[in-house]
Amino acid sequence: MKKISDCVRQAGIAWHERKLFLKMRLTVFILLLAIIQVMGTEARSQETKLVSLNLKNVSLKEVMETIEDKTDFFFMYSARVIDVDQKIETLNIDRKDIFQTMSVILKGTGIDYKVNGRQILLFSDKQEGFDENSQQTKTVSGKVIDSSGAPLPGVTVVVKGTAKGTITDADGKYSLSGIPADATLQFSFVGMKAQEIKVEGKTSINITMADEAIGIEEV
């Protein structure tokens, strides 16, 4: 009986060790699979940042739409400031990053840009700037929400009459430094009514943006 008991105990130990070994193999396999997926995602992410374009006689708007279709980037601009209908005769770009691409596209257009994550903010390079070192300037920050109280990411915030601007983050927050005390901030977002708010010496400006009513003709 003792020998049988010892055999059963040894068999149980062997089965337990086998189960442990199988669990370890499964864990290693899952880890390797996760690493491969991450590497693949990073490779695809890097690939989407390289742009290739071969276009002729197209508008700037068509070029931007093509980039948005081919990459994860999207454009933010004010139609009152940026002429997106101006024509580009020939555009040949072969696997360039977004910075090289934008420099080629905007050359001679009078438009400058700023990349913030996947957002590309366009503004006029002919607008008058201002002295950020002036004693009359300050930092203005705040939050932008919609009518339901939810934060609005991607809202364009520009100092009126200048090239100074930024975009709200995922929490709807923004911050602009070197703002004149008498400046006016312009807030714009697709589908929302644009707003202009005078700074008037304030350092914090929070706003609520309302949906822009669209007539049936526009739809």
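A residue is called buried when its relative accessible area is under 20%, exposed when that area is over 50%, and partly exposed in between. By this criterion Val140, at 0% relative accessibility, counts as buried in the predicted model.

Val140 is located in strand 6, which spans residues 137-146. Apart from neighbours within four places in sequence, Val140 is in contact with Tyr174, Ser175, Leu176, Ile179, Leu185, Val199, Lys202, Thr203 and Ile205. Of these partners, Thr203 is separated from Val140 by 63 residues in sequence, while the C-alpha to C-alpha distance between the two is 4.4 Å.

A second buried position is provided by Gln119, whose relative accessibility is 12%, and which belongs to strand 5, comprising residues 119-124. When neighbours within four places in sequence are left aside, the contacts of Gln119 are with Phe74, Lys114, Gly154, Ile167 and Thr168. Because the limit for a buried residue is set at under 20% relative accessible area, Gln119 falls into that class with its value of 12%.

For the chain as a whole, three helices and twelve strands are assigned, and buried residues account for 31% of its 219 residues. Among contacts between residues at least 6 apart in sequence, 56% join residues that are at least 24 apart. The area exposed by the chain is about 14500 Å², of which carbon and sulfur atoms supply 54%.

Two residues other than glycine were found with positive phi values, namely Asn57, with phi near 50°, and Arg95, with phi likewise near 50°. Asn57 lies in strand 1, formed by residues 51-59, and at 55% relative accessibility this asparagine counts as exposed. Arg95, in turn, is placed in strand 3, which covers residues 87-96, and is partly exposed, since its relative accessible area is 46%.

With regard to surface charge, a negative patch is formed by Glu62, Glu65, Glu68 and Asp69. One of its members, Glu65, is found in helix 2, which runs over residues 60-70. Glu65 is partly exposed, with a relative accessible area of 38%, and this value therefore satisfies the requirement of over 30% that applies to residues of a patch.

Notes: Residues are numbered from 1 along each chain as its sequence is written. This is a predicted model: local features need pLDDT of at least 70, side-chain atom pairs count only at pLDDT 80 or more; totals for chains, interfaces and linings use all residues. Side-chain values use heavy atoms; hydrogens and water are left out. Patches are made of residues with over 30% relative accessible area and no salt bridge: like charges are joined within 9 Å, nonpolar side chains (Val, Leu, Ile, Met, Phe, Trp, Tyr) within 5 Å. Accessible areas come from the Shrake-Rupley method with a 1.4 Å probe; for residues, only the protein chains shown count as cover. A salt bridge is a side-chain nitrogen of Lys or Arg within 4 Å of a carboxyl oxygen of Asp or Glu. Lys and Arg count as positive and Asp and Glu as negative; His and the chain ends are not counted. The place of a charge is taken as NZ of Lys, CZ of Arg, CG of Asp or CD of Glu. Helices (H or I, at least four residues) and strands (E, at least two) are DSSP runs, numbered from the N terminus. Buried means under 20% relative accessible area, exposed over 50%, partly exposed in between (1.4 Å probe, protein chains only). Contact means heavy atoms within 4.5 Å.
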